[in-house]
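Here is a friendly briefing to read beside your structure. Keep the viewer open and follow along, topic by topic.

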Amino acid sequence: MKAIIKTRAAPGIEIVDLEKPVVGENDILVKVMAGSLCGSDVHIYEWTAGYEWLPMPVVLGHEFAGEVVEIGEKIRGVSRGDRITALPFMPCGECEFCLMGKVDICKQNYVLGLTRNGAFAEYMLIKGGAEILKIPDNVSHEVASLCEPLAITLNGIDLSGIKPGQTAAVFGPGPIGLLTVQLLKTAGAGQIIVTGTSADGRRLDIAQQLGADIIIDVEKEDPVKQVRKVAGHLDFVFEATGIPQTISQGLQMLKNGGKVMIIGIHARKATFDPIDLVRRSKSLIGVYGYDRNTWLRALTLMSAGKINLDPIITHRLPFSQGVKGFELAVSKTAAKVVFGPEA
């Protein structure tokens, strides 16, 4: 089977042929129908600082949807033919704590596509202790593979506490930024501003299609001055670029009591004015992760048609074209790349 693998501590990936995994008594074999490319996968491809701990070789990919094709004899609650996705933080299902139902303190937990082989292959194994969710019949595999990033953005909206009519900027029109735009629209945000660069042209067009009211090209305009010109000061900024200077820019855009929600992963340290933060009662809030309930809400939004993910999926490629998919993401030609089986 074809698989996208990180093999060494340097930029790049490799496409290799692997044997189909052998199913143990506590394993579930999944035929991967869709594996979507995450920003963290791109960081690994570029070999950005912060991933030195990655075991190699490892099959990448943690955003997926697939079909159960084989189950071990100890597996319960999952059947062959089930269409599933799963949280990538997985308990082993075999240690003493997992056997007692205390999966949160599993001794051998792992992260799909990071510390154990993941979803960028035609088949993959997951353990019986995984948080598995069945995909609604009216949700495609491709759309369901975006459940993980949608859950992250839902967590950001929850933590922000945004109310209808409040204003927000989204820094970066990548997949997380585009999902945030839709959720802000659903939450009743009064005005939504999206920032990007000239390289983000296609993504910025999608942002406008999905509900952004104002687009700012930060290479042509000072984002702080432009936001103040068109919107005054904002209630919220959602930072989804991972670029350090955006933290300071976001704080400068806020009203008294405003919040910067930091979703992007920053490889370098950021600096900002703490006096402005304190005296104007502003907040910096980190957004990371989710829980099972957030994933269920994400699937509900998909099934109910309350959020449109199709425009975000700009490229669909087989696993054998993994290098092309990563290059499309790095160049910002793509919004979301979804890999799948060979045609």
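**Aromatic rings and parallel strands**

Phe-236 is buried, with a relative accessible area of 4%. Please keep in mind that this is a predicted model. We start with the aromatic rings, then turn to charges over rings, and finish with a run of strands and helices.

**The Phe-236 and Phe-238 pair**

- Phe-238 is buried too, at 1% relative accessibility, which is under the 20% cut-off for that label.
- In total, 9 aromatic pairs are counted in the model.
- One of them joins Phe-236 and Phe-238, with ring centres 6.2 Å apart.
- The planes of Phe-236 and Phe-238 meet at 35°, so this pair is classed as tilted.

**The Phe-326 and Phe-339 pair**

- Phe-326 and Phe-339 make a stacked aromatic pair, with 6.2 Å from centre to centre and 25° between the planes.
- Phe-326 belongs to helix α11 (residues 322-330) and Phe-339 to strand β18 (residues 336-340), so their contact ties together parts that lie 13 residues apart in sequence.
- Phe-326 has 0% relative accessibility and counts as buried.
- Phe-339 counts as buried as well, at 1% relative accessibility.
- Ring pairs also place Phe-326 and Phe-339 in a cluster with Tyr-45, Phe-120 and Phe-319.

**Charges over rings**

- Lys-20 has its charged end over the ring of Tyr-123, 4.4 Å from the ring centre.
- Arg-116 has its charged end over the ring of Tyr-110, at 3.9 Å from the centre of that ring.

**Strand β12 and its neighbours**

- Strand β12 covers residues 191-196, and 5 of its 6 residues are buried, so you will find this strand mostly covered.
- Strand β11 (residues 167-171) runs parallel to β12, and 5 bridges join the two.
- Phe-171 has Thr-195 in β12 as its bridge partner.
- Between β11 and β12 the chain passes through helix α5 (residues 175-186), and this β-α-β crossover is right-handed.
- Strand β13 (residues 214-217) also pairs with β12, through 4 bridges, and these two strands run parallel.
- Ile-193 is matched with Ile-214 in β13 as its bridge partner.
- Following the chain from β12 through helix α6 (residues 201-210) to β13 gives a β-α-β unit that is right-handed.

Note on methods:
Residues numbered from 1 in each chain as written. Predicted model: local features only at pLDDT ≥ 70, side-chain atom pairs only at ≥ 80, totals over all residues. Heavy atoms only, no water. Buried < 20%, exposed > 50% of the residue type's maximum accessible area, 1.4 Å probe, protein only. Pairing = 2+ DSSP bridges. Right-handed = clockwise from strand over helix to strand, strands pointing away. Phe/Tyr/Trp six-rings, centres within 6.5 Å; stacked < 30°, edge-to-face > 60°. Lys NZ or Arg CZ within 6 Å of the ring centre and 35° of its normal.
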